[in-house]
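Trainee: I am new to this structure and would like to go through it with you step by step. Could we take one question at a time, with the reasoning spelled out before each answer?

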Amino acid sequence: MNKWLLILVLAFGVHASFAADSIALHQMQLGNVFLSKDAVQIAVQTTGDHVTWTATDFFGVSTTGPTVAVGHNGQATLTLKLGRLGYFDLNVMALRKGNVVASAETTFAVVAPSNVAAMGDSPFGVQTHFAQGWNTDVLSLLARGGIAQIRDEQYWQNVEP
């Protein structure tokens, strides 16, 4: 704290508020669903100077990644090299001078590529609600997850005028 601010606090009882340490994780791939051939990357915004991560799969097997330096803009990109498919819990810790100052969690999945064009006769699919305003960007996520068949609603007033 600079000395003039300290004098104000002591002399006038002024309470200074300082920005709390923080960390935020951001998706770089819609839904955090990655194909096994993709680079698994998570964007980080933090007040720390370094970040580190641990990914734990559904069976409790953990992988801890290397410490990554944070840029002057407070941003870093984590590249998670896991070498396996699965659903993962990700814990990311922001460090300053080697001490943990903040942490954040998210989930992600790594799936095998699938050819949805060859699944035209698949009996499996999902129900969507695009007619209710869902963002159609999710279609690429469905294909990434191996979903070839979708069904959307038809409103009765449109079917039977």
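Mentor: Let us begin with F130, which has a relative accessibility of 16%. The model is a predicted one, and a residue is called buried when this value is under 20%. Because 16% falls under that cut-off, F130 counts as buried.

Trainee: How are the rings of F130 and W134 arranged, stacked or edge-to-face?

Mentor: A search of the whole structure finds four aromatic pairs, and the rings of F88 and F108 make one of them, with centres 5.0 Å apart and planes at 15 degrees, so that pair is stacked. For F130 and W134, the ring centres lie 6.1 Å apart and the planes stand at 90 degrees. Planes over 60 degrees apart count as edge-to-face, so the arrangement of F130 and W134 is edge-to-face.

Trainee: Is W134 buried, partly exposed or exposed?

Mentor: The relative accessibility of W134 is 43%. Buried would need a value under 20% and exposed a value over 50%, with partly exposed in between. W134 therefore counts as partly exposed.

Trainee: Which residues do ring pairs link into a cluster?

Mentor: Two members are already familiar, since F88 and F108 form a stacked pair. F88 is in strand 8 and F108 in strand 9, 20 residues apart, so this pair links distant parts of the chain. Both F88 and F108 are buried. With one further residue, the cluster linked by ring pairs consists of F88, F108 and F34.

Trainee: Turning to charged side chains, how many residues apart in sequence are the parts that R96 and D21 tie together?

Mentor: The count of salt bridges comes to three, and in one of them the side chains of R96 and D21 meet at 2.4 Å, N to O. R96 is partly exposed at 29% relative accessible area, and D21 is partly exposed at 33%. Since R96 lies in strand 8 and D21 in the loop between helix 1 (3-12) and strand 1, the pair ties together parts whose separation in sequence is 75 residues.

Trainee: Which residue forms a salt bridge with R144?

Mentor: The closest N and O atoms of this salt bridge are 2.5 Å apart. R144 sits in helix 2 (residues 138-144), while its partner is in the loop between strand 2 and strand 3, 106 residues apart. The partner is partly exposed, with a relative accessible area of 24%, and its name is D38.

Trainee: In the salt bridge between D57 and R84, which residue is buried?

Mentor: The closest N and O atoms of D57 and R84 are 3.3 Å apart, and because D57 lies in strand 4 and R84 in the loop between strand 7 (75-79) and strand 8, the pair ties together parts 27 residues apart in sequence. R84 has a relative accessible area of 25% and is partly exposed. With a relative accessible area of 11%, the buried residue is D57.

Trainee: Which backbone nitrogen lies 3.0 Å from a polar atom of the side chain of T46?

Mentor: T46 is found in strand 3 (residues 41-46), and it is buried, with a relative accessible area of 7%. Leaving aside neighbours within four places in sequence, T46 is in contact with S22, I23, V51, V70, G74 and A94. The backbone nitrogen that lies 3.0 Å from the polar side-chain atom of T46 is that of G48.

Trainee: What is the relative accessible area of K97?

Mentor: It helps to set K97 beside N32, because N32 is buried at 3% relative accessibility. N32 is in the loop between strand 1 (23-27) and strand 2 (33-35) and has a positive phi of about 55 degrees although it is not a glycine. K97, in the loop between strand 8 (86-96) and strand 9 (99-111), also has a positive phi, near 55 degrees. K97, however, is exposed, and its relative accessible area is 75%.

Trainee: What is the approximate area of the nonpolar surface patch made by F58, F59 and V61?

Mentor: One member, F58, has its place in the loop between strand 4 (50-57) and strand 5 (62-64). F58 is exposed, with a relative accessible area of 66%. Together, F58, F59 and V61 make a nonpolar surface patch of about 410 Å².

Terms used:
Residues are numbered from 1 along each chain as its sequence is written. This is a predicted model: local features need pLDDT of at least 70, side-chain atom pairs count only at pLDDT 80 or more; totals for chains, interfaces and linings use all residues. Side-chain values use heavy atoms; hydrogens and water are left out. Helices (H or I, at least four residues) and strands (E, at least two) are DSSP runs, numbered from the N terminus. Buried means under 20% relative accessible area, exposed over 50%, partly exposed in between (1.4 Å probe, protein chains only). A polar contact is a pair of N or O atoms within 3.5 Å; within protein, one must be able to donate a hydrogen and the other to accept it, and residues adjacent in sequence count only if both atoms are side-chain atoms. Contact means heavy atoms within 4.5 Å. Patches are made of residues with over 30% relative accessible area and no salt bridge: like charges are joined within 9 Å, nonpolar side chains (Val, Leu, Ile, Met, Phe, Trp, Tyr) within 5 Å. Accessible areas come from the Shrake-Rupley method with a 1.4 Å probe; for residues, only the protein chains shown count as cover. A salt bridge is a side-chain nitrogen of Lys or Arg within 4 Å of a carboxyl oxygen of Asp or Glu. Rings of Phe, Tyr and Trp (its six-membered ring) pair if their centres lie within 6.5 Å; planes under 30 degrees apart count as stacked, over 60 as edge-to-face and the rest as tilted.
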